[in-house]
Amino acid sequence: IEEHFPEMIMSDLPESLLMDEFQEHLDSSDEGFGAVKEFFELIGDNEELANGIYICNSVGSLPISYIADPKTPVVENLQNKYAIGTVRFPFETLEFKGGDCDDLTTLLCSLMESCGIQTALITTPGHIFVAFNTKMTYSKTWENLSEEYGVLDVDGTVWIPIEVTAVGKGFLEAWKIGTSILMAEDFEFVS
């Protein structure tokens, strides 16, 4: 299952299952944009980045909590190639108002992908989270950011790591925590 786990999460899902319930939050949530004004001035405006921030902050404003999967925690699935995991569909995570890191990753990836933002999975021992493609070219500007806000240079394109269990704290904090995990752990990038 380990080698098929990322494909299970990245499978295409009907957009209507997600967007109807989520749309009201997209329309009403603009939290966090004040905190990134200086960031935009530094790197310039970018539609994928702006939409990624908007989606992260919108998901963060939802009443969704991290809930460990009592039957098959992701840590068991990633460490046991014979484990069979339970990954909820995004609409189930919304309905249950929570999920573990694989459920929250599925929700965030599905929402971003349905808006045209390319996503990838990042797996570390016992954990899974998201990176999204800004479609910006990696340059010295990115190297001048605080090291708390790391990016992945994938074929010359900037990808931002987002810790899905921290989106309730806002985009910048979820990015900072995603970066700290990458710096502390061996990881696999699955696009």
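## Surface and overall make-up

The protein exposes about 9,600 Å². Carbon and sulfur atoms supply 49% of that area. The model is predicted.

The protein has 191 residues, and 49% of them are buried. Its secondary structure comprises 9 helices and 7 strands. Contacts often link distant parts of the sequence: among those between residues at least 6 apart, 68% join residues at least 24 apart.

## The largest nonpolar core

The largest nonpolar core contains 43 residues. Leu108, Phe132, Trp142, Ile160, Ile162, Phe171 and Trp175 have the most contacts inside it.

Helices and strands both feed this core. Two or more residues come from each of the helices α4, α7 (101-114) and α9 (171-184). The strands β3 (119-124), β4 (127-137) and β6 (157-162) also give two or more each. α7 gives the most, with 7 residues.

## Helix α4

Helix α4 covers residues 47-60, 14 residues in total. At 1.5 Å a residue, α4 should span 20 Å. Its end C-alpha atoms are 20 Å apart, so the model agrees with the expected span.

Of the 14 residues of α4, 11 are buried, so this helix is largely enclosed by the rest of the structure. A residue counts as buried when its relative accessible area is under 20%. The buried residues of α4 include the nonpolar side chains Leu49, Ile53, Ile55 and Val59. Glu48, Asn57 and Ser58 are buried in α4 too. Ala50, Gly52, Cys56 and Gly60 complete the buried set.

Definitions and conventions
Residues are numbered from 1 along each chain as its sequence is written. This is a predicted model: local features need pLDDT of at least 70, side-chain atom pairs count only at pLDDT 80 or more; totals for chains, interfaces and linings use all residues. Side-chain values use heavy atoms; hydrogens and water are left out. Helices (H or I, at least four residues) and strands (E, at least two) are DSSP runs, numbered from the N terminus. The expected span of a helix is 1.5 Å times one less than its number of residues. Buried means under 20% relative accessible area, exposed over 50%, partly exposed in between (1.4 Å probe, protein chains only). Contact means heavy atoms within 4.5 Å. Accessible areas come from the Shrake-Rupley method with a 1.4 Å probe; for residues, only the protein chains shown count as cover. A nonpolar core is a set of buried Ala, Val, Leu, Ile, Met, Phe, Trp, Tyr and Cys residues joined through side-chain atoms within 4.5 Å.
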